[in-house]
Amino acid sequence: MKREAYKGEGIMATNQRLLQIIKVLRRYSFISNFYHQTNPDQVRHALEALGPAFIKLGQILSTRPDLVSPAYIQELQQLQDDAPVDDYDTIVAMYEAETGQTITEAFATFEKTPFASASIGQCHRATLPNGEAVVVKFQHPAVAELVEVDLKLFKRAVKLIAKVPSEATKVVDLPEVFDELARSLRSEIDGEHEVANGQRFYELNQGRGVFVVPKVYPAESSSRILVNEAMAGQSIKTLFDNHDPALNQQVGQAIIENFLQQVFDDHFFHADPHPGNLLYREATAAELQQTQVTKEQQHQVGRVTVAYQKADSLPPFRLVYLDFGMMGEISPELADGIAQIVVSLVQKDPYTVSRTVLAVCNRTVDVDESQFTRQLAQFIEPYLERDLAQIDLTTMMFEIMQLCQTNHLQMKPEVTMLMKAFGTLEGTVAKLDPSVSMLAVAKPFAMRYLKQHLDLKTMATEQLFNVVQTYQAMTTLPKRVSHFLDGLLNGEQRLKLELSDQQKILHSLHKMVNLLATSLILAAVIMGSSIMVAASHEHPAIYHFAVFAYGTSLVVILGMLILGAWRRWRKK
């Protein structure tokens, strides 16, 4: 893939770079392909041609199932970059400028040659003075500045393209989509943001079952440098061709259970859990002695509390999470809604699924809730007739999001991030053990979460109060109905009925009436002009006026026909 020449060092003027961006976007029909979700390979080539900022934008897009189809997600995950490696002198100067220390002061050993390099940075192996092995990730020089320049230029290009009339620019708010992706990109290249994420994830997941998390060293890190504990292990992909189904099932089960703990217990989860960010290794001799509490109960006997715990040995392997640049966080209220969706899917209750999806969406305009509930229930019914293991979760979620957008509903960003992570994990687990169902494993977690957050005493009190109120209302119902009917007969009450899609019907009727009135007026003008032309040969002024009116009517009719044809063409 040939990269468009761009060094960002003053060699290319800003306007030239803007023209280059527009040229590449048009060459690969980027806007049209993106809107219609066609030719994902062309979109990937366009992003690769435009450099690091656009590659990272594409990678972020691959985490947004609300914006791109499963085919696009799969294609954009293949984005690659041939970024040049920074020399050792550049790395030395950057580290000293960022931390105030030299590399020789901060590290006992430091490998001058990076073992990995990507669009944003490169990684070196090193050892701290206390002997701990670490990985040092350096951001390429001027990446932040180049990203800002490209984002500003890309925003200008998007605004220019958005002014070109097309179905894509009419339906999709391109500047708004761009702003949201740009915020995600700026967050990802901020090293301090990743340090905070890594520390929080370490505190929550280190030693949780079979999971191990690399320690972050904030004192040695900065906004452009990240120092993490070096972790042993191989990519989880090495197990895809493994011929030990029992091991794969254990690994798949552990991954799902840990992720559900992140969502329902921590409300803070890894948003990019693809196989490259998950390592597998065998447990050490010391780790084989570790146990995990699998059951815990408490009983009150008089004034004495009796606690009971059951601990089981952990499996003979460990799993490692890497890369904390993209994390998700949800509120407890949102976790409640997600738990209800999971339980409703497992219980095959399409109506409750529809109502709960409404609760986790933002509304861009007034929404016909009954229509959406009916449409989603009809759509999801075929999925619910299948076994849980046969449901393609990624495709189902994408189609639900498309249905939401059709009904002017917008999934909250944290929900779409969670759904993407859920879908990514499902794909990984399916390759490990096709018999494991994400939804089946999620059900007990969701049920437990809902039970833990239900205040049964308060609910019982509220229900009792509602029963009393209902009883009191029922005793007065016959009298109220009688008064209402009397009011209708006497003209004191009015009954208002509202049709479904009433505004659309009235708008269409209004257009029809206007068209009919215009047609009658034009017909009257043509008829009157014809009569005047025929009867005014001896009166030139009247004759010319009648010809002018006749010609004007024909021009108006022709204009209406052209306008109607153009509108029909725009809708295709």
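Asn-39 is partly exposed, with a relative accessible area of 41%, in this predicted model. The residue sits in the loop between α2 (30-36) and α3 (40-50). Its phi is positive, about 45°, although Asn-39 is not a glycine. Most residues other than glycine have a negative phi. A second residue of this kind is His-267, which has a positive phi of about 60° and is likewise not a glycine. His-267 is found in the loop between α12 and β8 (268-270). At a relative accessible area of 13%, His-267 is buried, because the limit for that class is under 20%.

**Overall composition**

The chain contains 21 helices and 15 strands. Of its 572 residues, 40% count as buried. Among contacts between residues at least 6 apart in sequence, 68% join residues at least 24 apart.

**Strands β1 to β4 and β6**

Strand β3 (residues 121-127) has 6 of its 7 residues buried, so it is largely enclosed by the rest of the structure. Strands of a sheet pair through backbone hydrogen bonds, either parallel or antiparallel. The pairings that involve β3 or β4 are listed below.

| Strand pair | Sense | Bridges |
|---|---|---|
| β1 (residues 109-110) and β3 | antiparallel | 2 |
| β2 (residues 116-117) and β3 | antiparallel | 2 |
| β3 and β4 (residues 133-139) | antiparallel | 7 |
| β4 and β6 | antiparallel | 5 |

Individual residues can be placed within these pairings. Phe-110 has Ala-126 of β3 as its bridge partner, and Ala-116 is bridged to Cys-123, also in β3. Gln-122 stands opposite Phe-138 in β4. Two of the connections are hairpins: β2 is joined to β3 through 3 residues, while β3 and β4 have 5 residues between them. In the turn between β3 and β4, Gly-131 has a positive phi of about 95°.

On the β6 side, Val-136 stands opposite Val-227. Strand β6 (residues 225-229) has 4 of its 5 residues buried, so β6 is also largely enclosed by the rest of the structure.

**Helix α11**

Helix α11 comprises 15 residues (residues 191-205) and, at 1.5 Å a residue, should span 21 Å; its end C-alpha atoms are 21 Å apart, which agrees. The expected value is 21 Å because the rise is multiplied by one less than the number of residues.

Which residues of α11 are buried? They are Gly-191, Glu-194, Val-195, Asn-197, Gly-198, Phe-201 and Asn-205. Viewed down the axis of α11, these buried residues fall within an arc of 165°, so they line one face of the helix. The face turned away from the buried side carries the exposed residues Glu-192 and Glu-203.

Both ends of α11 have a local feature. At the start, a side-chain oxygen of Asp-190 reaches to within 3.1 Å of the backbone nitrogen of Glu-192. Just after the helix, Gly-207 takes a positive phi of about 75°.

**The four-stranded sheet and helix α12**

An open sheet is formed by 4 strands in the order β5-β12-β9-β7, with mixed pairing. Strands β5 (211-212) and β7 (234-235) stand at the edges, each with a single partner strand, so one side of each is left without a neighbour in the sheet. The pairing of β5 with β12 (residues 317-321) is parallel and comprises 2 bridges. Within the β5 and β12 pair, Phe-211 stands opposite Leu-319 of β12.

Helix α12 (residues 245-266) lies across β5, β9 (278-282) and β12, and runs at about 45° to β12. His-267, described above, belongs to the loop that leads from α12 to β8.

**Arg-281 in strand β9**

Is Arg-281, in strand β9, buried or exposed? It counts as buried, because its relative accessibility is 16% and the limit is under 20%. Its side chain is joined to that of Glu-287 by a polar contact of 2.8 Å. Leaving aside residues up to four places away in sequence, Arg-281 touches Val-212, Ala-232, Gly-233, Glu-287, Phe-317 and Arg-318. Of these, Val-212 lies in the edge strand β5 (211-212), and Phe-317 and Arg-318 lie in β12 (residues 317-321).

Note on methods: Residues are numbered from 1 along each chain as its sequence is written. This is a predicted model: local features need pLDDT of at least 70, side-chain atom pairs count only at pLDDT 80 or more; totals for chains, interfaces and linings use all residues. Side-chain values use heavy atoms; hydrogens and water are left out. Buried means under 20% relative accessible area, exposed over 50%, partly exposed in between (1.4 Å probe, protein chains only). The arc is that of the directions from the helix axis to the C-beta atoms. A polar contact is a pair of N or O atoms within 3.5 Å; within protein, one must be able to donate a hydrogen and the other to accept it, and residues adjacent in sequence count only if both atoms are side-chain atoms. Two strands pair if DSSP finds at least two bridges between them. Contact means heavy atoms within 4.5 Å. Axes are lines fitted to C-alpha atoms, for helices over the stretch in contact, and angles run from 0 to 180 degrees between N-to-C directions.
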